[in-house]
Amino acid sequence: MSDPNGLSRRHFLKGVGAGAIVAGSIEALSAEARAAAQAANPCVGPGAVPIKLSINGSVRELAVEPRTTLLDALRNHLDLTGSKKVCDRATCGACTVLIDGKAAYSCTTLAIAAQGRTIETVESLANGAELAPIQKAFVEHDAQQCGFCTPGFVVASEALLRTNASPDRAAVLEGLGGNLCRCGTYVGLKKACMSAGAPAKGGRR
Amino acid sequence: MSSMRMDKNWPKLEDTRLLGKRVSRLDGPDKVSGRAKYTYDQNPKDLLYAKFAWCPYGRAKIKSIDVTKAAEMPGVVSAFALRKEGDELRYAGVEVAVVAADTEERAREAARAIVVEYEVLPHNAEDKDFAAVPKEFLGKPRERKAGDVDKAFAEAEVKHTGEYGCAQITHCCLEPHGSVSHFKDDEHVAIWSSTQAISGIAEQVASISGVEAKNVEAVCHVLGGGFGSKFSLDSWDATALRIAEETKRPVKVMLERDQELMIAGSRPSGYAKVQIAATNDGTLTGWISESWGSAGAGGSSNLSLPYVFNGIPNVRLSHAGITTHAGPARAWRAPSHPQSALVTMSAIEDAAALLGMDPLALVRKNLALTGPLADTYAEELDVADRMMQWSAKWKPRDSKQGVIRTGHGLSLHTWGGGGHESNCDVRIHSDGTVDLSMGTQDLGTGTKTVVAIVVAETLGLPLEAVAVRIGEGRFPPSGGSGGSTTVGGVSSSARVGAVDAANQLFAKVAAELGAPAERLEARDGVIRVIDEPGKSIAFKDACRLIGPNPIVGHGKEDGSLMNSGVGGVQMAEVEVDSETGVVTVTKFVAVQDCGTIIDLKTAESQVFGGVIMGITSALYEERVIDPVTGMVLNPDLEFYRLAGIGDIGEIEVHMMQTERHHSRGVIGLGEPPAISPMAAVANAVANALGVRVPRCPITPREVLLALGKAGA
């Protein structure tokens with residue numbers, strides 16, 4: 001089983017040496033090993049612990065309780081509020097972010113477990129005022145009403161398009177099947193996702 | 001108002017430039033990029049998070065509340081009881097005590113540490129089976145009679161009897177109810193509120209907190225859904241205001257999903273036993289209904305029967321309200337209409353089956369009973385017939401089919417509209433820029449975009465030349481967004497304000513153009529003399545003549561620019577798996593009129609959205625109450641099911657947009673398309689199976705029960 005921090009138990013043992021483990025003295029460990037020990041040890045907290053997250057191309061340092069979800073870390077600690085909290089239990093997808101390029105529910109990912117991974121939120125997709133192709137397609141096909149589910153759908157669409165540049169209807173239904181909308185924007189969403197995927201004449205999607 | 005030189009009436013359909021065209025919503029880029037800041041997204045410095053302990057029973061009396069332990073927990077700044085010993089609680093989810101802490105995690109944990117003792121009282125969760133409702137929770141029936149029902153039924157050639165209905169559902173706004181309050185000093189408060197009625201927030205804060213209304217800054221730039229449930233501040237907002245006042249720290253209160261689904265709004269159930277009298281040729285002559293429903297612990301469940309066909313000459317109605325111990329009802333898109341459409345259109349479809357008639361033929365035959373909208377319905381039925389290919393596809397109920405059975409169903413609906421109060425200021429600045437400010441709010445319906453289109457159309461400018469500012473209490477007030485009254489109000493107000501501003505600008509440039517102001521028009525980015533296109537001045541150059549202060553045009557809603565009364569027709573095609581009971585909507589057709597269409601793109605989106613919400617209530621949604629404890633069993637999004645993208649089939653929308661419709665004036669569209677889907681889907685299922693599934697949501701279990709394949 002892979003560790004979210006990229007640190008396996010094998011890596012840990014190799015790094016600190018068996019002797020240190022036998023000695024059982026955490027103080028005797030190097031700073032690097034201490035960090036590795038903390039990362040590998042599930043018993044951190046209950047108070048806030050310092051963590052580093054790679055978000056939207058920069059490393060952000062923050063202190064959160066171990067129970068803090070990635071979603072709450074983004075919204076409450078980093079003021080990245082594009083990802084929304086709706087069901088808070090991995091049903092609706094309003095909190096969808098990309099972790100190592102794949103769509104993930106940030107409401108059921110612990111922030112500490114997201115260390116060492118590459119996190120991209122909806123805020124990263126546009127280049128300043130210039131919207132990404134999928135975002136332009138959302139606007140063009142009116143794939144939003146109240147807009148509260150929209151960032152999650154944008155990120156889920158982006159994840160789909162990265163693996164399948166021209167998704168057909170079935171692929172869109174599957175790719176966006178982990179997100180829910182209350183206003184009923186699914187018709188626009190289907191069109192947006194399929195049109196953003198279709199290669200435009202003389203250009204990229 | 002200055003004298004009206006420019007005509008305020010809407011231009012003819014053939015003369016419009018932006019009006020009635022497909023325009024992308026202005027708030028789209030902010031929403032798709034995550035830049036749009038909702039109430040939930042406000043993070044002022046030193047924020048506290050408020051969380052509640054809530055009643056887990058349908059009905060209970062408080063024996064004691066102890067917040068001592070919660071108050072001592074790390075990060076907790078405030079903890080207190082909201083009820084006292086002896087208070088009776090009438091539904092699960094209602095707040096009994098609150099904590100405020102410096103992080104959301106700590107606030108949640110502390111709320112769980114609040115200790116409450118309850119004396120559980122007898123409650124009622126039953127509203128489907130009328131005979132099983134304890135008498136003490138039954139309201140006195142209301143009755144109405146017209147014509148001679150006994151005679152009509154005695155003389156009827158065909159009589160049909162059936163039972164229909166639908167469960168209580170919730171609004172399930174994705175942005176929950178809530179607010180962020182911040183006392184800047186003892187006398188001034190700022191509040192972000194997720195609200196459908198921003199202009200009234202300051203008055204409500206004043207009545208709750210004692211802060212003077214003039215010192216309240218209320219903001220709601222965007223909100224994540226309302227659907228009728230967010231018209232005023234709630235008890236939880238009042239609690240947060242109290243904490244904010246006491247602590248002088250900003251307080252965020254946003255209901256967690258479970259409380260949102262339990263207490264923040266529901267739609268009443270509606271059930272009825274119906275008898276229809278008809279002649280052999282399908283003419284409807286009599287209607288008897290005994291209906292009932294529950295608005296939970298508060299509100300009315302009354303139905304409008306017979307729906308649309310209210311010209312049936314001989315009717316006898318009774319309706320009894322039932323108290324269930326569940327969160328009270330709030331207005332839900334087109335109050336009472338979806339339930340009434342389901343009952344009426346189902347009974348008519350069943351009567352048609354009994355007569356061996358195509359329901360489309362029966363509906364057409366009885367259109368005169370629908371009153372003034374009969375011609376509208378006739379026209380729309382023809383369009384829907386073509387779009388669905390109904391006449392080619394429809395088959396009688398007894399058609400032999402295999403395991404997967406296909407069926408078609410239809411429904412008609414109506415709604416009023418009109419326009420609420422609306423005021424605005426349209427400013428034209430000397431540098432050529434234009435802005436409009438209005439105390440309205442955009443629920444995702446396209447209000448902001450509609451207002452911009454009207455101003456741009458009126459001033460002959462591109463859409464992006466108009467800056468629209470809405471969603472703040474300091475702007476000229478507009479009404480709450482409910483009952484499809486927003487677009488009529490805001491579009492007429494924007495039109496009047498922009499015409500007023502244009503006329504003032506014409507007066508400034510008349511001398512320059514050597515023509516009286518009455519003969520000027522604003523088109524294509526210039527001010528020009530009517531019929532003398534050579535005599536013109538660029539809009540920007542014209543604005544240089546304005547002087548030191550901007551022009552301000554004042555807008556107010558205007559009845560002559562809006563209208564009321566629409567009709568719509570919807571048809572559903574379904575496939576039902578007769579072994580599993582699973583219903584799949586394969587195709588859905590919606591034909592709708594709404595008078596003058598301002599933005600065709602967002603108008604269509606309203607109809608798509610209404611249809612999808614309606615399909616959801618037809619097949620999936622029900623707030624389930626535990627008969628033993630009164631607790632809501634599905635206050636989450638796994639078991640309170642919303643349709644997903646794969647659940648809705650192919651939906652086609654047609655907006656009636658001829659000069660005849662266009663010339664009627666603006667009519668709102670929030671309610672109408674959400675009315676018929678439940679009825680159309682239920683009828684399609686009945687047509688597919690040959691038996692009626694009497695209740696929505698039409699779950700696999702309900703289907704199998706109707707087919708006699710499952711035990712009750």
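This is a short viewer tour of a predicted model, going from chain A to its contact with chain B and then into chain B.

**Stop 1: chain A by itself**

Select chain A and switch on the cartoon. You should be able to pick out eight helices and five strands. Walk along from the N terminus and the order reads α-α-α-β-β-α-β-β-β-α-α-α-α. Of the 205 residues in this chain, 51% count as buried. Now turn on the surface for chain A: the accessible area is about 9300 Å², and carbon and sulfur atoms own 54% of that. As for how the chain folds back on itself, take the contacts in chain A with a separation of 6 or more; residues 24 or more positions apart make up 52% of them.

**Stop 2: where chain A meets chain B**

Bring chain B back and select the residues in contact. You'll get 49 residues from chain A and 58 residues from chain B. Together the two chains bury about 4500 Å², with 52% of that area on carbon and sulfur atoms. There is plenty of polar chemistry to look at too: 31 residue pairs are in polar contact across the interface, both partners at pLDDT 80 or more. On the chain A side, colour helix 4 (70–77), helix 5 (133–140), helix 6 (150–163), helix 7 (169–175) and helix 8 (186–197), since each supplies at least two residues that touch chain B. Colour that side of chain A by residue class and it splits into 21 nonpolar, 13 polar and 15 charged.

**Stop 3: salt bridges across the interface**

How many salt bridges run between chain A and chain B? The count is 13. Two are worth zooming in on. Start with B:Arg106 and A:Glu65, whose side chains meet at 3.8 Å, N to O.

Next, select B:Arg108 and A:Asp88, a salt bridge with an N to O distance of 2.5 Å. B:Arg108 sits in helix 3 (residues 104–112) of chain B, while A:Asp88 is in the loop between helix 4 and strand 3 (96–99) of chain A, so this pair joins two chains. B:Arg108 is partly exposed, at 26% relative accessible area, whereas A:Asp88 is buried, at 18%.

**Stop 4: salt bridges inside chain B**

Hop over to B:Arg469 and B:Asp435. Their closest N and O atoms are 3.4 Å apart, making another salt bridge. B:Arg469 belongs to strand 21 (residues 466–470) and B:Asp435 to strand 20 (residues 434–438), so the pair ties together parts of chain B that are 34 residues apart in sequence. B:Arg469 is partly exposed at 39% relative accessibility; B:Asp435 is buried at 6%.

Then pick B:Glu472 and B:Arg474, whose side chains form a salt bridge at 2.6 Å, N to O. B:Glu472 counts as buried at 14% relative accessibility, but B:Arg474 counts as exposed at 64%.

For a wider view, select A:Asp72, A:Lys85, A:Asp88, B:Lys51, B:Glu104, B:Arg108 and B:Glu256 together: salt bridges with shared partners link them into one network. Over all chains, the whole structure has 60 salt bridges.

**Stop 5: a serine in a strand**

Finish at B:Ser181, in strand 10 (residues 178–183) of chain B. Is B:Ser181 buried or exposed? Buried, at 0% relative accessibility. Show its surroundings, leaving out residues up to four places away in sequence, and you'll find B:Ser181 touching B:Ala190, B:Ile191, B:Ala240, B:Leu241, B:Ala244, B:Arg249, B:Pro250 and B:Val251.

How values were computed:
Residues are numbered from 1 along each chain as its sequence is written. Chains are lettered from A and ligands numbered from 1 in the order in which they are written. This is a predicted model: local features need pLDDT of at least 70, side-chain atom pairs count only at pLDDT 80 or more; totals for chains, interfaces and linings use all residues. Side-chain values use heavy atoms; hydrogens and water are left out. Contact means heavy atoms within 4.5 Å. Buried area is the accessible area (1.4 Å probe) that two parts lose on being put together, summed over both. A salt bridge is a side-chain nitrogen of Lys or Arg within 4 Å of a carboxyl oxygen of Asp or Glu. A polar contact is a pair of N or O atoms within 3.5 Å; within protein, one must be able to donate a hydrogen and the other to accept it, and residues adjacent in sequence count only if both atoms are side-chain atoms. Helices (H or I, at least four residues) and strands (E, at least two) are DSSP runs, numbered from the N terminus. Ala, Val, Leu, Ile, Met, Phe, Trp, Tyr, Cys and Pro count as nonpolar, Asp, Glu, Lys and Arg as charged, and the others, Gly among them, as polar. Buried means under 20% relative accessible area, exposed over 50%, partly exposed in between (1.4 Å probe, protein chains only). Accessible areas come from the Shrake-Rupley method with a 1.4 Å probe; for residues, only the protein chains shown count as cover.
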